[in-house]
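Here are a few exercises to work through with the model open beside you. Try each task before reading its solution.

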Amino acid sequence: RRADEALDRLSTDALAAAGGALAPAVGRGTALDLRALAAHPQEIVLRALASALGPDAPIRLDRLEACADALVAASRAGRPLRRTLAGRLLALDGAGMLAIRPEPARSRGRRTAPVTLPAAGPPHSLGNEGPGT
């Protein structure tokens with residue numbers, strides 16, 4: 001229990017230092033400096049990211065770990081990255097700033113252009129035709 005309390009306190013402090021302490025990702029969202037957060041051990045990053053996603057976010061640990069690993073790697077490489085997790089859109093820019101906001105609504109099914117068939121032309125012969133035919 002004491003270890004969990006200590007880790008929670010460290011993750012809260014790390015999240016505050018990264019700029020995301022007072023604005024959990026509800027409503028319009030929040031932003032935090034992922035590079036500052038990534039300077040901490042992985043457990044602190046995971047707990048801070050879970051906290052930034054909000055208390056109502058249903059999070060599976062394996063998905064949280066995979067998302068956090070991808071975000072940290074992208075931030076260290078200076079690459080932008082977009083992921084969704086627990087109903088949130090996480091958008092990392094090349095400078096290491098992570099925006100967290102509610103995931104936009106998805107449209108079910110794909111809209112495709114109608115298929116048009118070519119106009120009917122003369123029938124083609126499939127038989128063996130000699131020269132000049």
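The expected span of a helix is 1.5 Å times one less than its number of residues. Helices here are DSSP runs of H or I with at least four residues, strands are runs of E with at least two, and both are numbered from the N terminus. A bit of housekeeping: this is a predicted model, where local features need pLDDT of at least 70 and side-chain atom pairs count only at pLDDT 80 or more, while totals for chains, interfaces and linings use all residues. Residues are numbered from 1 along each chain as its sequence is written, and side-chain values use heavy atoms, with hydrogens and water left out.

**Exercise 1. Work out what span helix 4 should have, and check it against its end C-alpha atoms.**

Step one: helix 4 covers residues 61–77, which is 17 residues. Step two: at 1.5 Å a residue, the expected span is 24 Å. Step three: the end C-alpha atoms sit 24 Å apart, so the two values agree. Just past the helix comes Gly78, with a positive phi near 75°.

**Exercise 2. Find the buried residues of helix 4 and say what covers them.**

Start with the cut-offs: buried means under 20% relative accessible area, exposed means over 50%, and partly exposed is in between (1.4 Å probe, protein chains only). By that rule, the buried set in helix 4 is Leu64, Cys67, Ala68, Ala70, Leu71, Val72, Ala74 and Ser75. Next, look for contacts, meaning heavy atoms within 4.5 Å. The cover includes helix 2 (34–38) and helix 3 (42–53), along with strand 2 (81–85), strand 3 (88–92) and strand 4 (97–102).

**Exercise 3. Locate Ala86 and decide whether it is buried or exposed.**

Go to the loop between strand 2 and strand 3; Ala86 is there. Its phi is positive, about 55°, even though it is not a glycine. Its relative accessibility is 16%, so Ala86 counts as buried.

**Exercise 4. Track down salt bridges that involve helix 1, and see how far along the chain one of them reaches.**

The criterion is a side-chain nitrogen of Lys or Arg within 4 Å of a carboxyl oxygen of Asp or Glu. The structure holds 6 of these. Begin with Asp13 and Arg9, whose side chains meet at 3.5 Å, N to O. Both lie in helix 1, 4 residues apart, or about one turn. Asp13 is partly exposed at 37%, whereas Arg9 is exposed at 58%.

Now try Asp4 and Arg47, whose closest N and O atoms are 3.0 Å apart. This pair links distant parts of the chain: Asp4 is in helix 1 (residues 2–17) and Arg47 in helix 3, 43 residues apart. Asp4 counts as partly exposed, at 42%. Finally, follow the links outward: Asp4, Asp8, Glu43 and Arg47 make up a network of salt bridges.

**Exercise 5. Which residues have the most contacts inside the largest nonpolar core?**

A nonpolar core is a set of buried Ala, Val, Leu, Ile, Met, Phe, Trp, Tyr and Cys residues joined through side-chain atoms within 4.5 Å. The largest one has 29 residues, and the top contact-makers inside it are Leu32, Leu37, Leu49, Leu71, Leu90, Leu98 and Ile100. Helices 1, 2, 3 and 4 and strands 2, 3 and 4 each give two or more residues to this core. To place these elements, read the chain's pattern along the sequence: α-β-α-α-α-β-β-β.
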